[in-house]
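Student: I'd like a close look at a single part of this model. Could you pick the one with the best packing story and follow it outward from there?

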Amino acid sequence: SAPLRDDLELVIQHCQQSLQANPGFPDTYVTLAKALTEKGRLDEAKAHLGTAIRLNPTNAETHEILAEIQHRQGRVAEAITEYQAALKLNPDWQEVLNNLAWVLATHPSPEVRNGPEAVRLAARACSLTGRTNLWLLSTLAAAYAEAGDYAQAIAAAQETRRLAAA
């Protein structure tokens, strides 16, 4: 995928030039951060996202991207904080509801897991999609299991299986 890599370099160069001319435009920092993330340059991406958040703290996407990077780097507490910030700005964002619920339901560390909150988030995501999304339902099953509600966990897992078979 050398052409993609070249395209990413062009995006990075274009964004850097644009920021030299107009350093107050937060969307450019976000675009640059996305390209840097694709290149695996996560610390640089995080720095640009931090600038974007300072310039415009109400962009939920910026918080979501930062959460994903923090999660990839194993900084789960920071990731949770950014997921929560994204949800505060966009409470119906199904992907973020799901990702945060998954972390809270399945993280290896018991200090991170929070079954009841995972259930609340996953149930909200499922209700927003009419319980038609396999990934959201499987997260809900995991959340119920973490919360100790095994009957609901089994029911959600069976619902996932029925949906997959259909």
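Tutor: Let's look at H8 and start with its cover: H6, H7 and H9 are among the elements that lie over its buried residues. Cover here is a matter of contact, that is, heavy atoms within 4.5 Å. Buried means under 20% relative accessible area, exposed means over 50%, and partly exposed is what falls in between, with a 1.4 Å probe and protein chains only. The residues of H8 that pass the buried test are Leu 136, Leu 137, Thr 139, Leu 140, Ala 141, Ala 142, Ala 143 and Tyr 144.

Some ground rules before going on. This is a predicted model, with residues numbered from 1 along each chain as its sequence is written. Local features need pLDDT of at least 70 and side-chain atom pairs count only at pLDDT 80 or more, while totals for chains, interfaces and linings use all residues; side-chain values use heavy atoms, with hydrogens and water left out. As for the labels, helices (H or I, at least four residues) and strands (E, at least two) are DSSP runs, numbered from the N terminus.

Now the helix itself. H8 has 14 residues, and from first C-alpha to last it reaches 20 Å, close to the expected 20 Å at 1.5 Å a residue. That expected span is 1.5 Å times one less than the number of residues. At the start of H8, Asn 133 puts a side-chain oxygen within 2.8 Å of the backbone nitrogen of Trp 135. I'd call that a polar contact: a pair of N or O atoms within 3.5 Å where, within protein, one must be able to donate a hydrogen and the other to accept it, and residues adjacent in sequence count only if both atoms are side-chain atoms. Just after H8, Gly 148 takes a positive phi of about 85°.

Zoom out a bit and the packing makes more sense. H8 (134-147) is among the helices that give two or more residues to the largest nonpolar core, along with H4 (60-72), H5 (76-89), H6 (94-106), H7 (115-128) and H9 (150-165). By nonpolar core I mean buried Ala, Val, Leu, Ile, Met, Phe, Trp, Tyr and Cys residues joined through side-chain atoms within 4.5 Å. This core has 32 residues, and the members that touch the most others are Ile 80, Tyr 83, Leu 87, Leu 100 and Leu 121. Take Tyr 83: leaving out residues up to four places away in sequence, Tyr 83 touches Ala 67, Glu 68, His 71, Val 96, Asn 99, Leu 100 and Val 103. Apart from this core lies another, of 18 residues, with Leu 19, Ala 33, Leu 66 and Ile 69 among them.

Next, the neighbours of H8 in sequence. Ahead of H7, in the loop between H6 and H7, sits Asn 114. Its side chain reaches the backbone nitrogen of Glu 117 at 3.1 Å, and Asn 114 is partly exposed at 33% relative accessible area. Glu 117 also meets Arg 120 in a salt bridge (2.8 Å, N to O). The rule for a salt bridge is a side-chain nitrogen of Lys or Arg within 4 Å of a carboxyl oxygen of Asp or Glu. Why is that pairing about one helical turn long? Arg 120 and Glu 117 are three residues apart in helix H7, which puts about one turn between them. An α-helix has 3.6 residues a turn, so residues three or four places apart point the same way. Both are partly exposed, Arg 120 at 48% and Glu 117 at 23%.

On the loop between H7 and H8, Arg 131 reaches out to Glu 159 in another salt bridge, 2.8 Å from N to O. Glu 159 belongs to helix H9, so the pair ties together parts 28 residues apart in sequence. Arg 131 is partly exposed, with a relative accessible area of 36%. Elsewhere, salt bridges that share partners join Glu 9, Lys 39, Arg 41 and Glu 44 into one network, and the total for the model comes to nine salt bridges.

As a backdrop, the chain has nine helices and zero strands, and 42% of its 166 residues count as buried.
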